[in-house]
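Please look over the model shown here with an eye to its enclosed spaces, its open pockets and one of its sheets.

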Amino acid sequence: MQRISKISGALSGGNLRLCRRSLSQLAQTQSTPVDDDARLPKIPPFDYTPPPYTGPSAVEILKMRQDYLSPALFHLYSNPLNIVDGKMQYLFDENGRRYLDAFGGIATVCCGHCHPDVVEAVVNQTKRLQHSTILYLNHAIAEFAEALASKMPGDLKVVFFTNSGTEANELAMMIARLYTGCHDIISLRNAYHGNAAGTMGATAQCHYKFNVVQSGVHHALNPDQYRGVFGSDGLKYARDVQDLIDYGTCGNVAAFLAEAIQGVGGILELAPGYLPAVYSTIRKAGGLCIADEVQAGFARTGSHFWGFEVHGVVPDIVTMAKGIANGVPIGAVVTTPEIAKVLTHRTYFNTFGGNPVSTASGLAVLRVIENERLQENAHVVGSYLKDRLTSVKEKHEIIGDVRGRGLMLGVELVTDWQLKTPAKAETIHVMDKMKEMGVLIGKGGFYGNVFRITPPLCFTKEDAGRFPSGCDGLHNFKDVKKKAGWMEIITSSP
């Protein structure tokens, strides 16, 4: 870093940028082990080459982030990537290197990066009308609301548009409290529902909770099939909800809020039988059932369009965001006409909720999912990938669990199968090795030891084949433990 700083002082403008680009390419070449790369399959061929990138380098951008952006921002990898281009399931860095994107912008890129139909819808709407207000009529918001309602079961027909998943969950919690006249809400331990005042209360991981007032939320025992005390017995976990109502509330509650598959929590699919039992308990206590579909929704689970459908339940309120518009900022709350009326008792207004460009993008996403049969693809490719990862698990003791559904999969790494000791350093190391191979994945779970595999739904079997081959070739347990030490040195360096 000091050498680069000295060179930076002697150069300026395009020469500086060219020099840094050359240094970056040299470092990349030197950091990729030839013997490993020779054994690994290549990323499938792809008929797209991004235009040359002439903007700031990764080094320059990192410096700007440090100078002008919040210090709370963090990045993945010991050497952060400067991603400048994307096309379908691939991303490209500043040097034009192609990466297989198996994280999808945190389960957000649904149809594929820069999908031509979505891009066309956004551009056409932007050229005509970028923003007005919901105080005027516009076809984009109405058409998307109608299309979205058609994907919902039962009487879930009324849509409120927001700007994010956090805002959608905040609104859903407020609606439930207004409708029931109760304040108490029950969510799950290990849950993540957002980082605003109300949703931080519903979130149940200390990493995401600041020391501010968070009232009225009780956290039930998590029906975790891997680490939970009752294994896969959903009914036993469900009894804790009744206990919370009996001993922690007045006997009535406003709502129960949960994901069918916990995303940030480590791709944890709730134990079978849990949701039907809890929904029954909550409704007997006068509460509403809220399904958080921010990550699992929009065909990602493959077998169903919504995650809650796997459990055979119909919520009273559904929240969504992320994949709803392929990366364009928008969220939504869908509920019944009766429940929706509570917001008419006062004035409820959202400046950007239902923006024409955002809703045009959302409508295009629904059409692409249907026209390109992406739900079926998520099921077929996701099942294939899960089977292959499970076969790798049987060979390597560092893999404690393979779980999830469709293209929402998790791989948990442990240093001891019996004790299930989280393999934290090893997880970071493997992520960096996967990046060197050209594959980008995320991580999550309370201990940060779970790979989150949530690629765009256009992911192919050929793409999926890249995973197990890489794990098989590189990630022998002893080899990873031996190499984890240098990862700790790199990540602690200034």
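The lining of the second largest cavity divides into four nonpolar, seven polar and no charged residues, where Ala, Val, Leu, Ile, Met, Phe, Trp, Tyr, Cys and Pro count as nonpolar, Asp, Glu, Lys and Arg as charged, and the others, Gly among them, as polar. This is a predicted model, in which local features need pLDDT of at least 70 and side-chain atom pairs count only at pLDDT 80 or more, while totals for chains, interfaces and linings use all residues. Residues are numbered from 1 along each chain as its sequence is written, and side-chain values use heavy atoms, with hydrogens and water left out.

**Cavities**
- On a 1 Å grid over the protein atoms alone, a cavity is a set of points where a 1.4 Å probe fits but cannot get out, and lining residues have an atom within 4 Å of a point.
- There are four cavities of 30 Å³ or more, and the second largest holds about 80 Å³, a volume being the space filled by probe spheres set on the points, which are joined across faces, edges and corners.
- Among the residues lining the second largest cavity are His 131, Tyr 136, Asn 138, Thr 351 and Pro 356.

**Pocket**
- The second largest pocket (an open set with protein on both sides within 12 Å along at least five of seven lines) has a volume of about 360 Å³.
- Of its 20 lining residues, Asn 190, Asn 222, Asp 224, Arg 227 and Leu 268 lie nearest the centre, and the lining comprises nine nonpolar, six polar and five charged residues.

**Sheet**
- Four strands (DSSP runs of E, at least two residues, numbered from the N terminus) form an open sheet in the order 1-2-3-16 with mixed pairing, two strands being paired if DSSP finds at least two bridges between them.
- Its edge strands, each pairing on one side only, are strand 1 (83-87) and strand 16 (439-440).
- Strand 3 (residues 98-101) runs parallel to strand 16 and is joined to it by two bridges, and Asp 101 has Leu 440 as its bridge partner in strand 16.
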